[in-house]
Amino acid sequence: IYDFHFLTNPLADNIKSIKDCVEYGFFERGGFDHYMDSGGFQLKQKTLKYKSNDKAKNISLNAQVDYADYGFCFDYQPSDPRNANRNQFLNDIKKTNEEVLLHLKLFKEKQTKCKIFPILHCPTDMVEETFPMLLDGISQEDRDKHLQGISYSRNYNTQNNFRHIEKMLAFKDGIVKEGLNPHIHILALFSLKFFVFLHLLKSFNPNFFKNVTLSFDASSICTQLNRWGSSVNDYKIITRQENPEDFNKWIDRLKDFIYRLDDTYEEFAFVKDEKNQVLFQPENITRKVPGTNSLEITQITMFFLICDFLEQALRMSEYVEHMKSNHTPYQLDLLKELAFIDNHKDFVKWFTMDKIQVFDLPKNHDFSYASNTLDSFFG
């Protein structure tokens, strides 16, 4: 059902290790595509110790040139997506376009095999307007040869599965109109629940999103699931507070996986923050338990989380049937209609108030710039 590939980050990962993997043929012999992030998010969050952004960009782009199949551009987005206004998006898209042009210039000079994913940050109702802005100045020849497709963040009015499908359709329309390779990559989406919904629609119509490559990176696993106030089990969120029995079963699996920590794991690794959410902090273990290593524990835990994700992903057909059983016959009929919608315009016609009510979806939103749009009404 799935292809799994690798995502590295040249500003966070060891470039020598990446180089060794490439020279050893690890990616090629394993049949893995090698995606390489820019590291722009980490630079913005100031989690990387680089004195110069220009130096960091030079390291990142040249690493993509030398070692990657696909590279992501340096992108700009509003610092607070929930309060961003229209002008912020437009200004950031213009700055991102400049980065894509610089990216493209270097790639053409180096004649690399690596292709670029431009990244477009905006709400759904701005996609049609801003798509051409992001690609301004790029010829059709360069789009075919040097751009892999388009990428976007799961932020900005994709709060539920329906809105996410809508945004994917809006980007699909943009790809066709702008003559890009038919590949959509969604950044930092780690949601089995969404994948089950996508597979549900595909079960009704195998041609849903046919001829478009959809890819997702789950790098958010390192942050989203480190907040141990909840875990993912059977593609649903289980909170420790609401369902301590199931949550602790999941924790026991993790403790068995990291057997060397024994009972000290829960005692020292789980602490509460100022919002009373449980956090996993391996550095607490290293302070309290002799002979343990924070980095090693974190890596083992990430490996466990990925294994858990893969195990559950292999049960996708089971989860699809479970989701079907939780919908009424009328809801399933509506979802079958949705599965045969292949453009944004038809989605807007389909997604009327009765769908909001039938699926009990929120009607409100907090995007101040969209007060007179369809998004304002539908949430």
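Let me begin with the aromatic residues, where ring pairs join Phe162, Phe197, Phe347, Trp350, Phe351 and Phe359 into a cluster. Please keep in mind throughout that what we are looking at is a predicted model. One member of that cluster, Trp350, also has a charged neighbour, since Lys355 lies over its face at 5.2 Å from the ring centre.

Taking the structure as a whole, the search for aromatic pairs returns 23 of them. Tyr70 and Phe117 make one such pair, and because their ring centres are 5.9 Å apart with the planes at 70 degrees, the arrangement is classed as edge-to-face. Tyr70 belongs to strand S3, residues 70-72, while Phe117 belongs to strand S4, residues 115-117, so this pair ties together parts of the chain that are 47 residues apart in sequence. As for their surroundings, Tyr70 has a relative accessibility of 15% and therefore counts as buried, and Phe117, with a relative accessible area of 0%, is buried as well.

A further edge-to-face pair is formed by Phe208 and Phe209, with 5.0 Å from centre to centre and 85 degrees between the planes. Phe208 counts as buried at 3% relative accessibility, and Phe209 counts as buried at 5%. Phe209 also has a lysine to consider, because Lys172 lies over the face of its ring, 5.3 Å from the ring centre.

Let me step back to the chain as a whole. The chain contains 19 helices and 11 strands, and 48% of its 379 residues count as buried. If we consider the contacts with a separation of 6 or more, 72% of them are accounted for by residues 24 or more positions apart. The accessible surface of the chain comes to about 19600 Å², and carbon and sulfur atoms contribute 49% of that area.

I would now like to turn to helix H8, which runs over residues 161-178 and includes Asn161. Which residues does Asn161 contact, once its neighbours within four places in sequence are left aside? They are Lys193, Phe194 and Phe197, and the last of these, Phe197, is one of the residues in the aromatic cluster I opened with. Asn161 is itself buried, having a relative accessible area of 17%.

Glu178 is also placed in helix H8. Is Glu178 buried or exposed? At 13% relative accessibility it counts as buried, the cut-off for that class being under 20%. Not counting residues up to four places away in sequence, Glu178 touches Phe131, Pro132, Leu135, Gln140 and Arg143. For Gln140 we can also give a backbone distance: the C-alpha atoms of Glu178 and Gln140 are 8.6 Å apart in space, although the two residues are 38 apart in sequence.

That brings me to the salt bridges, of which the structure holds 13. In one of them, Asp142 is bridged to Lys108, with the closest N and O atoms 3.0 Å apart. This pair links distant parts of the chain, since Asp142 is in helix H7, residues 140-146, and Lys108 is in helix H5, residues 86-110, with their positions 34 residues apart in sequence. The two partners fall into separate accessibility classes: Asp142 is buried at a relative accessible area of 11%, whereas Lys108 is partly exposed at 41%.

Helix H8 takes part in another bridge, in which the side chains of Glu128 and Lys177 meet at 3.8 Å, N to O. Here too the pair links distant parts of the chain, with Glu128 in helix H6, residues 127-134, and Lys177 in helix H8, 49 residues apart. Glu128 counts as exposed at 64% relative accessibility, and Lys177 is exposed with a relative accessible area of 61%.

The bridge between the side chains of Glu321 and Lys324, at 3.5 Å from N to O, is a local one to set beside these. Both residues sit in helix H15, residues 316-325, and because they are 3 residues apart, they are separated by about one helical turn. Glu321 is partly exposed, with a relative accessible area of 46%, and Lys324 is partly exposed at 22%.

Finally, a word on the surface, where Phe4, Ile306 and Leu310 form a nonpolar patch with about 240 Å² of accessible area together. Ile306 lies in helix H14, residues 294-313, and at 40% relative accessibility it counts as partly exposed.

Conventions:
Residues numbered from 1 in each chain as written. Predicted model: local features only at pLDDT ≥ 70, side-chain atom pairs only at ≥ 80, totals over all residues. Heavy atoms only, no water. Patch = residues over 30% accessible without salt bridge, like charges linked within 9 Å, V, L, I, M, F, W, Y side chains within 5 Å. Areas by Shrake-Rupley, 256 points an atom, 1.4 Å probe, with all protein chains shown as cover. Salt bridge = Lys/Arg side-chain N within 4 Å of Asp/Glu carboxyl O. Helix = DSSP H or I, 4+ residues; strand = E, 2+ residues; numbered from the N terminus. Buried < 20%, exposed > 50% of the residue type's maximum accessible area, 1.4 Å probe, protein only. Phe/Tyr/Trp six-rings, centres within 6.5 Å; stacked < 30°, edge-to-face > 60°. Lys NZ or Arg CZ within 6 Å of the ring centre and 35° of its normal. Contact = heavy atoms within 4.5 Å.
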